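Got the model open in your viewer? Let's walk through it one selection at a time, with a stop at each place to see what is there.

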Amino acid sequence: MMVCLLSGDDGMPSLWAKLASLFGLDQEGNQGNESFQYTAPKQPKKSFTSAAATQKASLPPGALAVLFATAVQAFRYINGQYVKQGKLGAAVLGNHSTKEYKLLLYLSQQKQVAAAKIHLGFVFTVQPNNYCTFYDEQRQNWSLMFESDKASSDFCKEVSDTGADLGPHL
């Protein structure tokens, strides 16, 4: 094993002078160590625009953007009872300039399960214990159970806000 000393404290010739000369440094005019400090490369600044804002910017005019999305347990009303449909995505889509809005239930990006246009006559019922109900465009009744109070209130607020954008009576 080889040990390289950078100072001559032990009586050995100082290697600092030799090392400094390699880098063109003046030993007396420079304290030395700051020249060899590591400076990490700067990370690119993160953009604070949301994914929804980015998506809106890249959408063609008239297209709907995702305003809010969350996971839910979905139940469809069949033959007098709610039948569990499993975990689905629930999203509020919209275009503020055209005042077009839609509630969407989906299994994946390519697999839409149900959709309902949000309009002045749209009925969206908020229920206790993080549930809500609505009818889709096929007149199927759906009940959604949200995973948390926050998810429920945020989703319901978004539906309410889209209704407020449509007019005074939702």
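Start by selecting T70. Buried or exposed? T70 counts as buried, because its relative accessibility is 16% and the cut-off for buried is under 20%. You'll find T70 in strand β1. Show what surrounds it: leaving aside neighbours within four places in sequence, T70 is in contact with L88, G89, A90, F146, A151 and F155. Keep in mind as you go that this is a predicted model.

Stay on β1 and slide along to R76, which is found in that strand too. R76 is partly exposed, with a relative accessible area of 27%. Beyond four places in sequence, its contacts are Q81, Y82, V83, Q85, Q140, N141 and W142. Now draw a C-alpha to C-alpha distance from R76 to Y135: the two are 9.7 Å apart in space and 59 residues apart in sequence.

**Zoom out**

Colour by secondary structure for a moment. The protein comes to 3 helices and 7 strands, and from the N terminus on the order is α-α-β-β-β-β-β-β-β-α. Of its 170 residues, 29% count as buried. If you have a contact map handy, take the contacts between residues at least 6 apart in sequence: 40% of them join residues at least 24 apart.

**Into the core**

Next, select L103, L105, F124, F134 and L144. In the largest nonpolar core, which has 23 residues, these touch the most other members. To see where the core draws from, highlight β1 (65-78), β2 (81-95), β3 (100-106), β4 (112-118), β6 (131-135), β7 (141-146) and α3 (149-166), the elements that give two or more residues to it. Which of them gives the most? That's α3, with 4 residues. As background, nonpolar side chains tend to be buried together in soluble globular proteins.

Centre on L103 and expand the selection to its contacts. Leaving out neighbours within four places in sequence, you should get A91, A114, A115, A116, I118, F122, F124, F134, F155 and V159. Two names there are worth a click. F155 also turned up among the contacts of T70. F122 lies in the loop between β4 and β5, and at 7% relative accessibility it counts as buried. From F122, draw a C-alpha distance to F134: 8.1 Å, for a pair 12 residues apart along the chain.

**Over to the last helix**

Pick E158, found in helix α3. E158 is buried, with a relative accessible area of 18%. Its contacts beyond four places in sequence are L67, F68 and V92. What separates the C-alpha atoms of E158 and F68? The gap is 6.9 Å, although their positions lie 90 residues apart along the chain.

**The largest pocket**

Switch on a surface and select V66, A69, A91, L93, L104, Y106, S108, Q109, Q110, K111 and Q112, the lining of the largest pocket. The space inside is about 170 Å³. β1, β2 and β3 each supply at least two residues of this lining. Colour it by class and you'll get 6 nonpolar, 4 polar and 1 charged residues. One of the lining residues, A91, is also a contact of L103.

**Two loops to check on a Ramachandran plot**

Go to N129, in the loop between β5 (124-127) and β6. N129 has a positive phi of about 60 degrees although it is not a glycine. At a relative accessible area of 66%, N129 is exposed.

Then hop to R139, in the loop between β6 and β7. Here too the residue is not a glycine, yet phi is positive, at about 65 degrees. R139 is exposed, with a relative accessible area of 59%.

**Last stop: confidence**

Finally, colour by pLDDT. The mean for the protein is 77, and 64% of its residues reach 70 or more. Select residues 1-8, where pLDDT stays under 50 and the model has 10 contacts beyond four places in sequence. Then select residues 46-56, another stretch with pLDDT under 50 throughout, for which the model has 5 such contacts. Where pLDDT is low, the predicted coordinates should not be read in detail.

Technical notes: Residues are numbered from 1 along each chain as its sequence is written. This is a predicted model: local features need pLDDT of at least 70, side-chain atom pairs count only at pLDDT 80 or more; totals for chains, interfaces and linings use all residues. Side-chain values use heavy atoms; hydrogens and water are left out. A nonpolar core is a set of buried Ala, Val, Leu, Ile, Met, Phe, Trp, Tyr and Cys residues joined through side-chain atoms within 4.5 Å. Buried means under 20% relative accessible area, exposed over 50%, partly exposed in between (1.4 Å probe, protein chains only). Contact means heavy atoms within 4.5 Å. On a 1 Å grid over the protein atoms alone, a cavity is a set of points where a 1.4 Å probe fits but cannot get out, and a pocket is an open set with protein on both sides within 12 Å along at least five of seven lines; lining residues have an atom within 4 Å of a point. Grid points are joined across faces, edges and corners, and a volume is the space filled by probe spheres set on the points. Ala, Val, Leu, Ile, Met, Phe, Trp, Tyr, Cys and Pro count as nonpolar, Asp, Glu, Lys and Arg as charged, and the others, Gly among them, as polar. pLDDT is the predictor's confidence in each residue, from 0 to 100.
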